[in-house]
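The following exercises ask for a careful reading of helix packing, of a chain interface and of some backbone details. Each task is followed by a solution that goes step by step.

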Amino acid sequence: MPDSIFRPYSPSDALRSDRSAGDRQRHRQKVRESIRENIADLVAEESIIGKDKDKIIKVPIRGMKEYRFIYGDNTPGVGQGDGNSQPGQVLGRQQGQQGQGDEKAGDQPGVDYYETDVTLEELIEIMFEDLELPDMERKILREVLSERISKRKGYRRAGIRIRLDKKRTAISRIRRKLAVQRRVGDEWDEEQRFPFHQDDMTYRHLITDTRPESNAVVFCIMDTSGSMDTMKKYLARSFFFLLFQFVSTKYRNVELVFVAHHTEGREVTEEEFFHKGESGGTFISSGYTKALEIIQERYHPTLWNVYAFHCSDGDNFESDNPATLKAAKELCSVCNLFGYGEIKPLGSRYYESSMLNIFRRLEADNFQTVLIERKEDIWPSFKAFLAKERTHEATVSAEA
Amino acid sequence: MAVDWDVRDLEYWDEKIREKVEEFGLSCFPQEFEVCDHFQMLGAMAYSGMPSHYPHWSYGKSYEKLKTMYDYGISGLPYEMVINSSPSLAYLMRDNTLCLQILTIAHVYGHNDFFANNFTFSSTRAELTLNLFKIHADRVRKYMEDPSIGVEKVEDLLDAAHAIAIQCRRNLAIKKLSIEEDRRRLLDVAKPLSDPFQNVHKRQTYVQPDLQKTPPSPEEDILLFVRDHNPYLSEWEKDLLTIVHERERYFLPQIETKIMNEGWASFWHREILNSLHLPQELHLEFLVRHNQVVRPFPRGLNPYYLGLRLWDDIKRRHDDPTPEEIEKYGKPTKTGMQAIFEVREVDRDASFLRRFLTEELMRDMDMFQYEPRGEEMVVSKVSDQDGWREVKETLIKNVGLGTVPVIKIEDADHGHNRVLYMRHHHDGRDLQLEYAERTLAYIQRLWGHEVMVETAVNGKKVLLSYSDKGFSTRPLK
């Protein structure tokens, strides 16, 4: 037989080995689609709530299956024992046994779960891909806070080298050449050099532009009275988390303010907000008043986009309701969006009082209420929260 | 790992190995080796070793999966990878020791000889393989770049085609008849045989065969049938179906001969290395590595181990039969070498096991059959006097195309309504229904009209169908 050929290792070939890059990307796209379809389940998972933004989280992904006709569960197989196999001996659970030695191209269903690394940011991006923040009322003086960016605006004959527009410069030269040709007529010599002239030089002109709205603040207001148990707090926390993450995707600088209230409102740290249980009755108005105070002091609505969201189980003292309604109205007037989420784990709803009825009397375009009964509701109600506003906005702009 | 060799060492040993290869009478395609690192190996594996292959997301998935398993140490990388082509192309891992490279090179020649001589590979046209894959890749890319087609459409069609690619003809030795030839055959078969005692016998009834039916007799090659009988497919779609079919056809022999092929290569790397007079430390490492490769997997089946045991046993039974074996099988007429060279040409895993896996071997390897019982996997039969035949049958059902359900097209115009009617030839194993549903959806996509498959679930006949209204099942009488 002829001599065999040996091709030594060459690192440059390593580039070629990355030919799967395109297919990996397509696969990742498909995985993303599947994540988006299952987003409601993922959001309900405790593990993603409240994590650091850059943290990589492992999302178990049901593998993109490649379907074909295969045999089902009642298929017997053959294995090899250590010499003492007896009928009736238990080998273990189903699944793990199959196809151990034999790896034919995926003709066994097996466990098609595997984990994929997704940064929280990526996940949020996927989640919010099709959600838009309702176009809010523009803030006066917003430009004070905006950042400066460069924007192209027209062309100039003078400029710095780096902004030279080669195409336009060349066109300009051709134009001049044709003009000269026409003037000279038959005496034109094709061989003649026709260099660029200072007048041909065309430069892009840049101006600095200002970009609107950069700052936002999210107010998380929560009822911490005795009736808010861990489950209710968890649901509230999930909702706040989504709201914060969502607002963060839309603004460069987002601040969070936590206001806890029972019979009086207090500004607290995140830690206290979620973990410290308190007891006593509920004056919702106290939380709203506190939020209004903070807005007046630090986040003046002319300079800040304010988002406020309040979570409660709806159990308010009767006597406080008129004050609450009044404070809510005031909040609506200073906030871009104000929402109220009533958290009523299933079953509790019928014998407890509800603020939803009270808030029905509040007429404001930027006010929304949602009802959360279990963790699967979080994502749909969050979407509804923004979507409703959008349709509303749409009708408003249609009228205008 | 520190590397203790360079390419000159490989060439030195390769020459010695090739001397032995010729001495032993292996006849190989010319061989090329490429030294690669683990990234390149992963890349090669994702595309079944093909230097060029058409793109599809599933290969990206396969890469990610291989890489994850490798990164987490769940599975290592193979020492080598060799593809059936002429010249044959093999990848050697850069990080392996000299001993492993020598073992691998010898192993590769074993595979190479098998590719070149086993009858299942005679349809693969080895000298055209690499070109064929390249041309296919170029065509698929062209369709992807075509603005009127695009990646999405091409991938959707490939998804569907991949789902049924393996539903193709199982025995290439049986000639495929054209529709006309098949109709003529049906007429011939229907003709009553001439009967010298026709005066005494009852008159034979003549049953008119249904010549209108397409296909005239059940058809296994679903992909090609759809390609040829769906007039609404466009040219590029038909071309993609052909490409996928040809790819699958190329890989089928490897699926069909896994145990034989790995056993054969292991047999020869052992013979060759034992005859090379390796320096002692290399030889000791070789023994360790060899035993790692061909060790039995507890509770599983290692094709390297099973294959090697069988080849050794065939050889021994011819060279050195026991008195009982002479009594049972007669006196051997060939030497062991003649016998194994003949077998490597004419068998595939199913027939190899059927012919040469003996009761004694099965008992010696303690082979058992397991079945699901409730949540657990339970040993249901062992290789004792009563059970071994059944265990063997089950094993044969689990190798090669035995793992692929037999589904044939019965009628392409069922109910005179262009419904594609298929039948699953049930052998005791039910179809996995989720997979069946999704696969039917793909066939429906390709056929463009309702498709049905007749099968049985838990002993009851069922008709699964998929139309534009979705999936439905109904019991059959």
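**Exercise 1.** Determine which residues of helix 4 of chain B meet which residues of helix 10 of chain B, and describe how the two helices pack.

Solution. In this predicted model, the side of helix 4 of chain B consists of B:I102, B:L103, B:A106, B:H107, B:G110, B:H111, B:D113, B:F114 and B:F115, and these meet B:M260, B:N261, B:E262, B:W264, B:A265, B:S266, B:W268, B:H269, B:I272 and B:L273 in helix 10 of chain B. Sorted by class, the residues of this contact are 11 nonpolar, six polar and two charged. For the geometry, the axes of helix 4 (residues 98-117) and helix 10 (residues 258-275) of chain B lie 8 Å apart, at an angle of about 130°. Angles over 145 degrees count as roughly antiparallel and those from 65 to 115 as roughly perpendicular, and the two helices are therefore oblique to each other. Their crossing is right-handed.

**Exercise 2.** Carry out the same kind of analysis for helix 9 and helix 10 of chain A, starting from their axes.

Solution. The axes of helix 9 (residues 284-298) and helix 10 (residues 321-334) of chain A come within 8 Å and cross at roughly 30°. Since angles under 35 degrees count as roughly parallel, helix 9 and helix 10 of chain A are assigned to that class. The crossing of this pair is left-handed. Among the residues that meet are A:Y288, A:L292 and A:I295 from helix 9 of chain A, and A:A327, A:L331 and A:V334 from helix 10 of chain A. By class, the contact has 10 nonpolar, two polar and one charged residues.

**Exercise 3.** Describe the interface of chain B with chain A by residues, area and salt bridges.

Solution. Begin with the residues: chain B gives 101 and chain A gives 64 to the contact. The buried area is about 8000 Å², with 54% of it from carbon and sulfur atoms. On the side of chain B, the residues that lose the most area to chain A are B:W57, B:M377 and B:Y435, which together make up 10% of what that side buries. Finally, seven salt bridges are counted between the chains, including the one of A:R7 with B:E32, whose closest N and O atoms are 2.9 Å apart.

**Exercise 4.** Locate B:P87, B:P215 and B:D366, and state the backbone feature of each.

Solution. The peptide bond from B:S86 to B:P87 is cis, with omega near 0°, and B:P87 sits in the loop between strand 2 (80-83) and strand 3 (88-93) of chain B. The bond from B:T214 to B:P215 is cis, with omega near -10°, and B:P215 belongs to the loop between helix 7 (179-190) and helix 8 (222-229) of chain B. B:D366, although not a glycine, has a positive phi of about 55°.

How values were computed: Residues are numbered from 1 along each chain as its sequence is written. Chains are lettered from A and ligands numbered from 1 in the order in which they are written. This is a predicted model: local features need pLDDT of at least 70, side-chain atom pairs count only at pLDDT 80 or more; totals for chains, interfaces and linings use all residues. Side-chain values use heavy atoms; hydrogens and water are left out. Axes are lines fitted to C-alpha atoms, for helices over the stretch in contact, and angles run from 0 to 180 degrees between N-to-C directions. Helices (H or I, at least four residues) and strands (E, at least two) are DSSP runs, numbered from the N terminus. A crossing is left-handed if the near helix is turned anticlockwise from the far one by less than a right angle, and right-handed if clockwise. Contact means heavy atoms within 4.5 Å. Ala, Val, Leu, Ile, Met, Phe, Trp, Tyr, Cys and Pro count as nonpolar, Asp, Glu, Lys and Arg as charged, and the others, Gly among them, as polar. Buried area is the accessible area (1.4 Å probe) that two parts lose on being put together, summed over both. A salt bridge is a side-chain nitrogen of Lys or Arg within 4 Å of a carboxyl oxygen of Asp or Glu.
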